[in-house]
Every structure is written in C-alpha cells, then in structure tokens.
Amino acid sequence: MNYIIDGHNLIAKIPGLSLSMPDDEARLIELLNRFGQESRHKLEVYFDGAPPGQAGVRNYGQVRAHFVATSQSADEAIRRRLARLGRTAASWVVVTSDRDVQAAAREVHSNVLRAEDFSRLVQTTIHKRLASATNAVDQPLSEEEVSEWLAIFKARRK
C-alpha cells in the first residue's frame, strides 16, 4: 500500500506530538519510518512552511519527505502529486482530515484515511511489533532447545 500523508495534519493527531515542538516533523518522520519498516508500505509525507533554502524532497529510510516552500501549501503539493499519478492514484491512500484534500483524493479515485485513524494504525502496528519482540525474548527455551544448545557447547569443548 502507498500513502500520501498531510504531515502537519497528522502531527496534531499523534499522542505525544505537537505542532509547537521544534522537532515535530523529525519525530513524525521517525515514527513513520518505524511504521514503514514494519509494514513495508511506501510513505510520502508533505510539510508546508519550509524556511527559505530548506524546501525540497528528502528520503529518510522508508519515508520520502516533501518540505514545501512557504509560497504554497502542502495541500496544493498533495493535489499536484495526485494529478501526476494519473490512473495510479487509485493505488494510493491519502491521509488527512482536511475535507478539501479528501475531496481532491476522491476525485482521482484515491482512498482516504482520516489522520486520527491512520494515527491509530501506526501506533497499533508499532506496539504489536514491540510486544512480539518482548514476548520472543521472555519465552523460556523448550527442553529440546536446551538439549540442542548443550550439544553445541559440548562439541565446542572437544
């Protein structure tokens, strides 16, 4: 699945993140990257208000971040991206709670996911991964596994 994400819209829906944080965009990118590593989805995030000289596109692992110049909005950049996708826009999910962006996505047959719903999906995916990693570490070895390890260590002593 491919996602086009309205970054500042999503930040406002992520517990522990706030648009007033100086590193809010970096924290969101880090979170999206962890989600992308686990889910193997293609993620593009758009942020508006990039300071002069900072506008552009950068790759961060699974995340392609678009920093949009102050002369335009992330909403406009998302609309242009959807237009460039043409028929393939139908294979993308647009993440936003902005109704105008949702309408633009539906016009090109993209799926729409509200930012709050995507926030829950990201958190659930990351927490499941952490829980499974913790459970894997905490489970004791079976008698068969212990026997195998003892055989390996005995073989190395000889």
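Start with the whole chain in view: among contacts between residues at least 6 apart in sequence, 47% join residues at least 24 apart. Keep in mind as you look around that this is a predicted model. The chain has 158 residues, and 37% of them count as buried. If you switch on a surface, you will be looking at about 9700 Å² of exposed area, with carbon and sulfur atoms supplying 50% of it.

**Stop 1: the overall layout**

Change to a cartoon view and you can pick out six helices and six strands. Following the sequence, they come in the pattern β-α-α-β-β-β-α-β-α-β-α-α.

**Stop 2: the sheet**

Now select the strands. The six of them form an open sheet in the order β3-β4-β2-β1-β5-β6, and the pairing is mixed. At the edges sit β3 (56-60) and β6, each of which pairs on one side only. Turn the sheet to view its twist, which averages 20 degrees from one strand to the next.

**Stop 3: strand β1 and its neighbours**

Select residues 2-6, which make up β1; five of its five residues are buried. Show the side chains here: Asn2, Ile4 and Asp6 point one way, while Tyr3 and Ile5 point the other way.

Next, add β2 (residues 42-50), which runs parallel to β1 and is joined to it by five bridges. To see how the two strands line up, find Ile4 and look across to Glu44 in β2, which stands opposite. Then bring in β5, also parallel to β1 and joined to it by four bridges. Here Asn2 is the residue to pick, with Trp92 of β5 standing opposite.

One more step takes you from β2 to β4 (residues 63-69): these two pair in the parallel sense over six bridges. Leu43 and Val63 of β4 stand opposite each other in this pair.

**Stop 4: Arg81**

Go to helix α3 and select Arg81. Is this arginine buried or exposed? Arg81 is buried, because its relative accessible area is 14%, and the cut-off for buried is under 20%.

Display what surrounds Arg81. Leaving aside neighbours within four places in sequence, Arg81 is in contact with Ile4, Glu44, Tyr46 and Trp92. You have already met Ile4 in β1; Arg81 and Ile4 are 77 residues apart in sequence, yet their C-alpha atoms are 8.8 Å apart in space. Glu44 is worth a distance label too: a polar contact of 2.8 Å joins its side chain to that of Arg81.

**Stop 5: helix α4**

Finish with residues 99-107, helix α4, and colour its buried residues: Val101, Gln102, Ala104 and Ala105. Which side of α4 do they occupy? They cover an arc of only 160 degrees around the axis, so they lie on the same side of α4. Show the surroundings and you will find these buried residues packing against α3 (74-85), β5 (92-95) and β6 (111-113).

Now rotate to the face turned away from that buried side, where the exposed residues Arg99, Asp100 and Glu107 are carried.

Both ends of α4 deserve a look. At its start, a side-chain oxygen of Asp98 reaches to within 2.9 Å of the backbone nitrogen of Asp100. After the helix comes His109, which has a positive phi, near 70 degrees.

Note on methods: Residues are numbered from 1 along each chain as its sequence is written. This is a predicted model: local features need pLDDT of at least 70, side-chain atom pairs count only at pLDDT 80 or more; totals for chains, interfaces and linings use all residues. Side-chain values use heavy atoms; hydrogens and water are left out. Buried means under 20% relative accessible area, exposed over 50%, partly exposed in between (1.4 Å probe, protein chains only). The arc is that of the directions from the helix axis to the C-beta atoms. Contact means heavy atoms within 4.5 Å. A polar contact is a pair of N or O atoms within 3.5 Å; within protein, one must be able to donate a hydrogen and the other to accept it, and residues adjacent in sequence count only if both atoms are side-chain atoms. Two strands pair if DSSP finds at least two bridges between them. Axes are lines fitted to C-alpha atoms, for helices over the stretch in contact, and angles run from 0 to 180 degrees between N-to-C directions. Accessible areas come from the Shrake-Rupley method with a 1.4 Å probe; for residues, only the protein chains shown count as cover.
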